[in-house]
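Grab your viewer and a coffee. Here are a few exercises to work through, each with its solution.

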Amino acid sequence: MFEPYRYARPRDPREAAALLASEPGAKALAGGTDLLVEMRARNLRPSLVVDLKGIAGLRGISRAGGRVRIGALTTVSDVLSSPRLAGGLAALRDAAAVFGCHEIRNRATVGGNLANASPGAEFSVPLMAFDAEVVVQGSEGPARSLPLGSFLLGPGRTALGPGELVTAVEIPGVDQDLRSAYRRRARTRGMDLASVSLAVVARRAGDPARRQVALSMGAVAGVPPRPAAAEAELSGATLTRERVARAGELLVAGLAPRATSLRATPGYKLAVLPVLLERILCDLGLVEEDGS
Amino acid sequence: MRGAIQVQINGRAYSFDANRPRSLLALLRDEAGLTGTKEGCGNGECGACTVLVDGLAVRSCLVLAQEVDGCAVETIEGLAAGGQLHPIQQAFVETAAVQCGYCAPGFIMAVHGLLGCNPRPSADEVRQALGGHLCRCTGYEAIERAVRLAVERLGAAKATVLGSTDHGL
Amino acid sequence: MKQPSTGNGPVGRSTLRVDAAEKATGQARFVADLSLPGQLHAFVFRSPHAHARIRAIDTRAALAVEGVWEVVTGAEAPFVIGECIRDHSVLARHKVRFVGEPVAVVLARDPGAAARGAEAVQVEYEELPAALDVSHALAADAPLVHEDLGSYRILPTFHPEPGSNVYHSYRAERGDPDASIAGAAVVHEGTYVYPHLAHVQLEPHGAIAWWRGPADLTLWCSAQSPHTVRKVLAEMFELPLTAVQVIVPYIGGGFGGKSDTTIEPLVAAAARRVIGHPVKLVLSREEMFFGTLLGRGAEVRIRSGHDSDGRFLGAVAELAFACGAYGEYGINVVEGAGHVALGPYNVPAFRVASKAVYTNTPFIGAFRGYGHPEAHWAMERHLDHVAERLGLDPTELRRRNLLRPGDRHVTGQEVETSHGDLRGCLEAAAASLATVDLASPDPERVRGVALCPLMKAPVMATNASSSAFLKLNGDGSVDLVVSGTEMGQGSRTALAQIAAEALEVAVERVSTSRLVDTAVSPYEWQSVGSTTTWKVGQAIRQAAAELIVRLKANAGLRLGVPPEQVGYDGDELWDCQSPARRVRVAEVALNALHPDGHAEGGPVAAFGVFTPSGLTWPDAQGRGRLAAEWTFGCQGAVVEVDRGTGEIRVLKLVTAMDVGRVVNPALARGQVAGAMVQSLGAALMEQVVYGGDGAIRNPSLTDYKIPTAEDLAGVELEVIFLETPFDEGPFGARCLAEHGAVALAPAVANAVRQATGCHLDRMPLTADTVLAALLALDRAEQERSRAATRQGRLEPAGV
């Protein structure tokens, strides 16, 4: 049972932002797969639900030069089936494939997933590794863009001010030489949240001397981190098994996942992340085989 | 929002109070009197509440009633035409894919939605489409057989009965 | 249509379920789909504490909430119920004993108002120390969940220990097991843990209670045992049974979690405060975890001694169940586990103690398998350790110890050939598992195989009677009216098949009642224990025989011959001495109408009964005729373990079972497959997790995971039925619906051990626990353990 709410379906982002700013109990509704769960639990009792789905232009994936733009209302099903996300952006398709379930994917949006700011959010993790930027719109003034790492502030917290909404997320530097993958562990093979996850993004992938490897992990910290030491170990060098193993150790050094998770113990996460790293790097064809 | 939610359900026009706070699931069950769509969890975790909105399978417990203003909704009650079972329903009956029956409408609507977009899904695509649907009775094997049977029959029917409206495709 | 009585008749056919179309079209009605004019909605206000005294309850603010009609607490509804042990406060009185215990019920026209009302209820508690698990509850200084245990009404067959948290123990012994074990070549001792599970029926519990007057109650509910609900409510309100009418439509999954009573007493008690207005309660998914019954929750210690060939010399088994705050519902689970604590093995000397322990957690009750999965988990894991210690093939170890005809079981009952072919089931399972290649191409993924034999009896009252009512209609069709509830197992269909076979007619001629109404449906003890096909089936056969007698009487009147001279074949009746003189069944179904217009006789209907014979209560040594029947079987698993992630991939699952006679092959397979998949969930992913405060941390499907279709991808699932006829079963049919859940989990765990060398004695085997075990176990030790017991594959005997 929901507490009473008013419902609005604005036509443009500024109108939506103005509605969101108009009262403290105003909440944005995109796919509803997070909001309605909170409303049913009576944790959230919005006085005004602002349905963003009436706003044109917020859904869709476009590409201009080396930049890919994903509208905030792009659904997870859209991501899964988009030809524009094939190839180097495979990590996003990997994330979409394990996100929730089919019906949830038909409704949940990329913008909503980021704005919910869960430490294990399926899209936050690969987008962090992609150095993605979040485009935010208020009721007045121009849109502003900020790195995802600055947008996500902690579990359930973002840099969105009152009356602001996410309109898009953009990925820079998308070219032929980009490779990526996202893998996770979960408790079942069906619908589940991630127990722990890892995204790997390799730019200039085919050229070991100039290759840049970016990593991010889910369900290990309040915000998906960028493990700089592990990234440095894997960048600008031929990847042997020994180097990959060292990177695995660096990957988890300093991680302190909370002991209270219902999904996996800290020990499990720390043990399995290096395994996932090695497997992803092999799957992406980045590890030099020495005849073994 | 203006005074009424105008929505098509199973091809018929309905009008509902726009101001009451409830999900699409509650709207269907309590106000449209269509109790075939079930509540198993209320949180989108089980699939028993699955309906089609504008042809897409969604969890009706996670949709506010106001969101379907102007939409076309299909529920389990709309599948059998004039009392004749839809091939998906017939397949579920024949393969013993129905035990307690509580998950069946959700599964059937999910399959209906899947086949509407992808008439020849692979076994993996079927499982991916149904991976979020819980059944505690059957162990899923009979359900997978039902889907295979339905795909076969609908494929054959399409090939031989062009333009027929019997199957609700 | 003529039908011979066996072989080609309805029994044995995969008749399509009679309720499948109704369910597939959304037309089947469950309790939540029903609404009565003027109904009120109930919202339950629950305790946040595991153990606390109630100092004061203030309902004034709640009553002031707009739309709230009534707030009912234990003060207004001071009912205490329990047939075996009267310990259950329907609404908390004086203290609360678990997080989630109902403290008040708020009634309102609108569900939202009821929820808001519940938020306004104010309760002052004085927290008490809580005993949250068995070891804490058994400690010498444990807080007592029921201080007044000594004064509770309890049936004489149960043995409480007042002044402790043990409210019952089943004990059994034979010979001197300590001496036998002392002289053994190998002695092993271990502890095995089966956590609490949730049933996760897709349909939440629901009930609508309507008091038309203070002595006139109608209750619609999703309950497996309507006559039990009727009895409990009548006693609770001190009314005759005729004043209470219980109606059960379709049940969306039971698995034992809707047996006995669950929310019905609570709803009826609340509704009595608003006579004239129906009160409806449907539990939320969260409430399904702490607002009804949980299952399992056992810690088992086994110590056994074996000769150098692996044969049991003696065994001591101690089981302790965390039964939760109220003991009524788990008491017989504990008993049943005790009966089968030593598994399907011949153990010459033993001591068994199965304890029911109060804990400050939600209470347990029946869950598919009823104590047998817990007992088998322990014994089968234990024998896996023993096999390793002896360097003996685990399957051979089982063969050497299996119960044989002539052996005496823990209960003292003698095993007979007619109980089924246990050895045959083992060999069938072994042969099935032998077809899977255990070599894995990837060194990071290792495979293992294991099998576990099983036995289960229905654990039930000694007087668990069934009855059935058959009425013949004017067109020759037959209405079958029973109180067996349809919860998905297919009873409506299977019972129609049995009736049709007994009446020598096509199954389409018989229609089983769609719902159970205690006012008109004949008595059935309970639809539990996999007993409906058996017991109700036997009652139907008796009714059918009687129906034919009465039909022949009408025909005799019509034909002018004595009934003994009348022949019958399902469609027609005739004068045996002059067979050309015939009438159709329909012509004499309602009466005998003569050509000149005069009529005699009357409508044809019949009643049949069945009570399992000769059951007794256990004596002081735990012996008696406790098992009305056994069903034997054997389950097995082939698994592949990813050493890097700990993930278990199941390759094959098999169940071989001697079911006596398969009434409906498709439905029978569906029951066994469903039970196997439920067990797989228990083995790999399911457990109720408690916080330090006693609250369940995962009361939702987000964090209580059950198997999905994706988890079954690539899993080969085989079900093999043997048929040694059960002489007390309808056409030889035996109980089977729970049995697929009895020994599958240990088969998976034993296969994992064979693959990895890791002994996992606590369920579930999550990737987390498997990986931790792998990392803890030295690689060399893994190889040594695998080599010790694995001969590459399971060889069927005689090869």
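The exercises below deal with a predicted model, starting with the B–C interface and then turning to the nonpolar cores.

**Exercise 1.** Work out how many residues meet between chain B and chain C, and how much area they bury.

*Solution.* Start with the contacts: 40 residues of chain B touch 49 residues of chain C. Next, the area: the two chains bury about 3,500 Å² between them, with 59% of that on carbon and sulfur atoms. Now find the top contributors on chain B: Q99(B), Y102(B) and R136(B) supply 23% of what chain B buries against chain C, more than any other three residues.

**Exercise 2.** Find the salt bridges and polar contacts across this interface, then describe chain B's side of it.

*Solution.* The rule picks out four salt bridges between chain B and chain C. One salt bridge to check joins the side chains of R29(B) and D33(C), at 2.8 Å from N to O, inside the 4 Å cut-off. Polar contacts come to 19 residue pairs. On chain B's side, the elements giving two or more residues are α2 (87–94), α3 (104–117), α4 (123–130) and α5 (141–160). Sort that side by type and you get 19 nonpolar, eleven polar and ten charged residues.

**Exercise 3.** Which helix gives the most to the largest nonpolar core?

*Solution.* First, the core itself: it has 179 residues, and those touching the most other members include F92(B), F321(C) and V641(C). Then count by element: helix α15 (665–684) of chain C comes out on top, with nine residues. Finally, look elsewhere: a second, separate core has 57 residues, among them V125(A) and Y182(A).

Note on methods: Residues numbered from 1 in each chain as written. Chains lettered and ligands numbered in written order. Predicted model: local features only at pLDDT ≥ 70, side-chain atom pairs only at ≥ 80, totals over all residues. Heavy atoms only, no water. Core = buried A, V, L, I, M, F, W, Y, C linked by side-chain atoms within 4.5 Å. Buried < 20%, exposed > 50% of the residue type's maximum accessible area, 1.4 Å probe, protein only. Helix = DSSP H or I, 4+ residues; strand = E, 2+ residues; numbered from the N terminus. Contact = heavy atoms within 4.5 Å. Buried area = accessible area lost by both parts, 1.4 Å probe. Polar contact = N/O pair within 3.5 Å; in protein donor to acceptor, adjacent residues only side chain to side chain. Nonpolar A, V, L, I, M, F, W, Y, C, P; charged D, E, K, R; others polar.
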